[in-house]
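User: Please take a close look at how the inside of this chain is packed. Start with the nonpolar core, then follow the side chains outward from there.

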Amino acid sequence: MDTASPLRGPCVTLLEAEHDVRLTMAEIIDISDDDVVIEEDPKKKGTNTTAGSNKRAFRCLNSDCRAEEKLIKAEEYVRRYFGVLPYPKKKRVCESCLSEAQQQQDSLVDCLTSGRLLLAEKIPPPKTTVVLTDSDSDPSDDEVESSGLESEYVFEEEEDGFSLEETILALTKELGLYRQVKEGAKHLEDELLKIQESFSNLESEYSKTETSLDNVRKDFYNTFRLEIMWQNSLDIGPSSTLTQQDGSGEVIAESSVVVPNENLPPVGPLQRWELAPNEMVYAMKYSLFARWVQAQIIEVETRKPNNTAYRIRYNRNAKGAGLPRIIPGRQLAYYEPCATRIPVGTRIIAKYKDDDPKNTTISGSFYVGIVAEIPTVANKYRYLIFFDDGYAQYVHHADIRVVAESSACSWEDVSSDSREFIKEYLQMYPERPMVRLQKWNYVKTEWNGRWWRAQVKEVDGSLVKMFFPPLEGRCEWIYRGSTRLSPLFHKKMNIQAQAEQPVRAIRRRTAALPSRAVVEYGTFGQDQDLDTATPAVPTPSAEVPGQPRSVARKSTSRPSRPGTPPKEVLLKVEQESRGFTNQHSFQDKVVKFATHLCTSQCLGAGDSMKKYKGLSPLLQPLLFGWRRQFVKICRKTVNRYEIYYTAPCGRRLGSIEDVFKYLLMTESNLEVDCFSFELSVMVTHEWEPFKKIVDIEDFSKGEENVPISCVNSLEEVLPQELRYCNVRIPTEDVPLDLDPDFLVCCDCTDECRDKSKCECWQQTIANTKILERQENQSAGYTYRRLFEQVQSGIYECNTKCKCSNHCLNKVVQHPLRLKLQLFKTARRGWGVRTLHDVPRGGFICVYVGRMLNEAIANEEGKIMGGDDYYAELDYIEVMERAKEGYEDEAVNIEEDTLYQADLNDQGGSESNDSDSLFSENDTDNTKEDTDFSHPSCIRRSGGVAKREKSARLQERAAKRSRSSSQQKKEDSSRSNSDDDLAKSKKSKNKGKKEDDSKKEDKEGDKESSDKDDKEGKKESKEKDEDEAEEEDEDDEKQRQPQPFVPRQLMEANTALAKRPKSIRDYFGTDEAVYIMDAKHTGNIGRFLNHSCEPNVFVQNVFVDTHDLRFPWIAFFAISNIKAGTELTWDYSYDVGSVAGKIKYCYCGARKCRGRLL
């Protein structure tokens, strides 16, 4: 035998494993194993013929040969070479085919013994044969040979006593197989890079070819195209009239021409001119909340910069002209629209259009406000106006007039109720927070000092139309950035509450509360024309420190909003997630199920999870003989797929509950969270990156139960040094007591399946009553999966409990089991991704590090980047805030019924208007919400409240009433006296002459005519006065003020002072929130990045202590997570909580909020 034959035993598998890396040929399909049937003559064999007399002849296992003579039994390497190793009946080969396989094997052995790289050799790919046959009559060796040759290689120990394992190790070292693997991987990587480079070259060549083809096509069609004559640009004036240029042919405006949209004037500086006598203006007559009316300038009283006084006369009809009045320029507006676009922050008056068409008094009138948004595509080329009385509306340019004079800081002219809100808005512009809402969403909204559950009816740009079901169907347009919406209100209250605490110069991650309404930060289309958004205000020659700055001033101290990243960064973002998915394959052994009682013997050789430590927990059942099957359930109407697990004994299990029962019955070492019945979870998939510039096998250095790989596919940079730990490390000033005698424990023996009997589980359920109306019996884990966050916390079983490690209430305390990978991102530092699928509700890991108190955390946080990995243990604060919101909602629910009853009782009353008038001077009773919002205080008619008449109007009305009643008395007495006189004259002077009676008649006619003339003049004068008084009343009418800031926020300081004592205060006077610092000491949880749409949520869990100050921070999957996906959670930073720090978000989510800080 030649020199290569000794290597055909133990080395065959190693050589062929290297050989299988190469690409395979096209499959050769053998339709039939043996298609020639040999018929024997029954006469020669006698009469004893059986059904098995017809037998197929043996053929060569090579499908291209199929020889039938001189066949010998093929060794395993021969069968592997011809691709028939999976088919046990293919075991015979002819001499020529054997020589071919032996020659190939000798070349492999020679390559290996000479030290050449196997993958670099030009070796033909192995053949693959697929046999399609259902025949059970094929011949086998058992039928022909009574004592066949040995089919397996039997190793015989040498005389020197070396074992099989030692021999394999020595042979591996002698042949340099480790070098083959290492150099082979490098060779494959080089080949892959060459392929990528060649692909790039082909792609560039293809692009060039496609471009040249397009040019040829264009040149061909250009010969038939009409000639276009280019003319000078069109002159578009403010009046939107086009000035035609000389020339003929088709006129096309160049790209430099800006065509106005929706009749908008051109962009230009805002110009204010001094008003002249006899000029028409709009003037404020009564208050900032009342409508502005037309007036005429009589003369200029005094001229001062931004404080000119004018003498005006309000316009009436000719007879009703009012008396002159002196008014400052800040209360006058130009009569004509502005000739240029109006920048943000400009003081203006605008027409308000009410949704109620019957409300003609308010709708269409001018009210004073300020420009909040410039016209863009996002807002349909309209201005967003913030009115002084708290209303917000989109208005077209033609319905806006600029106020003649304004302060350097325009918010100083706004009413006191809205001044702070407008000031903060203009200082933040163009970035501003707004609540992300969608139609039909419900959100708590403030109205009239109380919070109501309102529904979103419509969203228009930055405005949202809220519908209040308890308030007779009241609808109102509200700015989405107003604190009247509860999400923004709570954020503002949190910031004010933190301002009451010691100076805070650090940022901390907190547990996010589940909420549908999200506050997002952005420009919302207002960054397109920032130059036009800057109001034209005089710039002082010298900057005065501490002086308020107008919104017109741009500051370099504030970082600009990052736009689209450059192409290089986008390529890196794409490269960081490039990889491929490997799929583990298992031999599908079908076990026929026989009815039996399952015991530990059903598991076969055992199922210790330590044997395959480092693999996915979902993969381990398949390694111990379990099968995971996709089963199609066919019904008459619907077909669906389901997951079934088949145990090693053949029993099929269709639910996680059945699996858990089976594990208990068989005393299996597998745990219930190793099984998943999710259809989208692929347990055999494992992700791997394409490129690894930096590759660390175990970043945890053996501290974790599972190795954590670390790769960098972008650059040759290692992560910062970290003292890895998987437990919390308290510092000296943190009173963490881990005495187990202070823990509540259970004595369950059923692995805590019955929640009603487990004391630990009952503690979790009992705490849910704090935030909900009743106890949530389903709170906590469901077979070790947590499908939703439990705000009130989870109490796990501990070391004092009698349950085992298979307990259903022990999850977080188990060591890390998932196969995670630390990787470098392009824009967000280092991140963490999972290398296999994670089912919904699955436990990820915990967040641990050094535990600090408030003082030490503030001191260390001042260092550059010292607060990057701070996480607050704010379980108490989160619970108290959630409880406050729940109590408010509970009170509102009780009051809504009473309030609705009052509305029904008084809604149809129209006669008693004096009880339903709203006076601006009335004092508000803030002791009770019901008193503040009682229907007797406000008359609701399209959202408008009437004012009481002024003293002057009341006096005039009373005078008119007295004069009319006195006139009636005089007429009545005069008529009575005339009747009496006529009767007396008739009785005494009956014989008077006829001429005397005629004389008296003439005198009476003359007196009556004079009387009629006087009465006619008086009635005409009174009619004119009535018309003027009606106009005065309409002018003085005002909308019910709706400030942007709710009353609770205005009285925040009082509310904070009256806030009940916190539970944390009972631990000591100097107690504050403790901090988990993972900057220099921590685990893999510290590397989880932020996302506005996370796939991981945070849960507070109590394990080794029930002290409310020290919960564990655990991460769970929100949804099914595919292999290779980055794990992210919501940091829940309070934007604006850290003075002087602005941090933008680069999560890339579709609904990114824009900012972290």
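Analyst: A nonpolar core is a set of buried residues of the kinds Ala, Val, Leu, Ile, Met, Phe, Trp, Tyr and Cys, joined through side-chain atoms within 4.5 Å. Buried means under 20% relative accessible area. Keep in mind that this is a predicted model.

Start with the largest core. It has 45 residues. Ile844, Ile1084 and Phe1115 touch the most other members. Several strands feed this core with at least two residues each: β35 (820–824), β36 (830–834), β37 (843–846), β42 (1075–1082), β44 (1096–1102) and β45 (1112–1117). Strand β45 gives the most, with three residues. In soluble globular proteins, nonpolar side chains tend to be buried together.

Now zoom in on isoleucine 1084. Leaving out residues up to four places away in sequence, isoleucine 1084 touches Ile708, Tyr724, Leu820, Leu822, Val832 and Cys845. Apart from the largest core lies another one, of 30 residues. Val790, Cys803, Val811 and Val1101 are among its members.

Next, the aromatic rings. Two rings pair if their centres lie within 6.5 Å, and planes over 60 degrees apart count as edge-to-face. By this rule there are 34 aromatic pairs. Take tyrosine 425 and tyrosine 479. Their ring centres are 5.9 Å apart and their planes stand at 80°, so this pair is edge-to-face. The two partners come from distant parts of the chain, 54 residues apart. Tyrosine 425 belongs to helix α8, and tyrosine 479 to strand β23 (residues 474–479). Tyrosine 425 has a relative accessible area of 5%, so it is buried. Tyrosine 479, at 2%, is buried too.

Tyrosine 724, one of the contacts of isoleucine 1084, has a ring partner in phenylalanine 699. Here the centres are 6.4 Å apart and the planes are at 85°, so this pair is edge-to-face as well. Phenylalanine 699 sits in the loop between β30 (694–696) and β31 (709–712), while tyrosine 724 is in strand β32 (residues 723–724), so the pair ties together parts 25 residues apart in sequence. Phenylalanine 699 is buried, at 12% relative accessible area. Tyrosine 724 is also buried, at 10%.

Back to tyrosine 425. Together with Phe386, Phe421, Tyr429 and Tyr479, Tyr425 forms one aromatic cluster. Its helix, α8 (residues 416–428), lies across β15 (365–373) and β16 (383–387). The helix runs at about 35° to β15.

Both strands belong to an open sheet of five strands. The order is β17-β16-β15-β14-β18, and the pairing is antiparallel. At the edges stand β17 (392–395) and β18 (400–402). Each has a single partner strand, so one side of each has no neighbour in the sheet. On average, neighbouring strands of this sheet are turned by 45° against each other, direction ignored. At one edge, three bridges join β14 (residues 347–352) to β18. Alanine 350 stands opposite isoleucine 400 in β18.

Rings can also have a charged side chain over the face. Arginine 833 lies over the face of phenylalanine 823, at 4.1 Å from the ring centre. Lysine 285 does likewise with tyrosine 314, at 5.1 Å.

Last stop: threonine 684. It lies in the loop between α12 (656–666) and β29 (685–689). Is threonine 684 buried or exposed? At 14% relative accessibility, it counts as buried. Beyond its neighbours within four places in sequence, threonine 684 is in contact with Asn582, Gln583, His584, Phe586, Leu619 and Leu622.

Key
Residues are numbered from 1 along each chain as its sequence is written. This is a predicted model: local features need pLDDT of at least 70, side-chain atom pairs count only at pLDDT 80 or more; totals for chains, interfaces and linings use all residues. Side-chain values use heavy atoms; hydrogens and water are left out. Two strands pair if DSSP finds at least two bridges between them. Helices (H or I, at least four residues) and strands (E, at least two) are DSSP runs, numbered from the N terminus. Axes are lines fitted to C-alpha atoms, for helices over the stretch in contact, and angles run from 0 to 180 degrees between N-to-C directions. Contact means heavy atoms within 4.5 Å. Buried means under 20% relative accessible area, exposed over 50%, partly exposed in between (1.4 Å probe, protein chains only). Rings of Phe, Tyr and Trp (its six-membered ring) pair if their centres lie within 6.5 Å; planes under 30 degrees apart count as stacked, over 60 as edge-to-face and the rest as tilted. A charge sits over a ring if NZ of Lys or CZ of Arg is within 6 Å of the ring centre and within 35 degrees of the ring normal.
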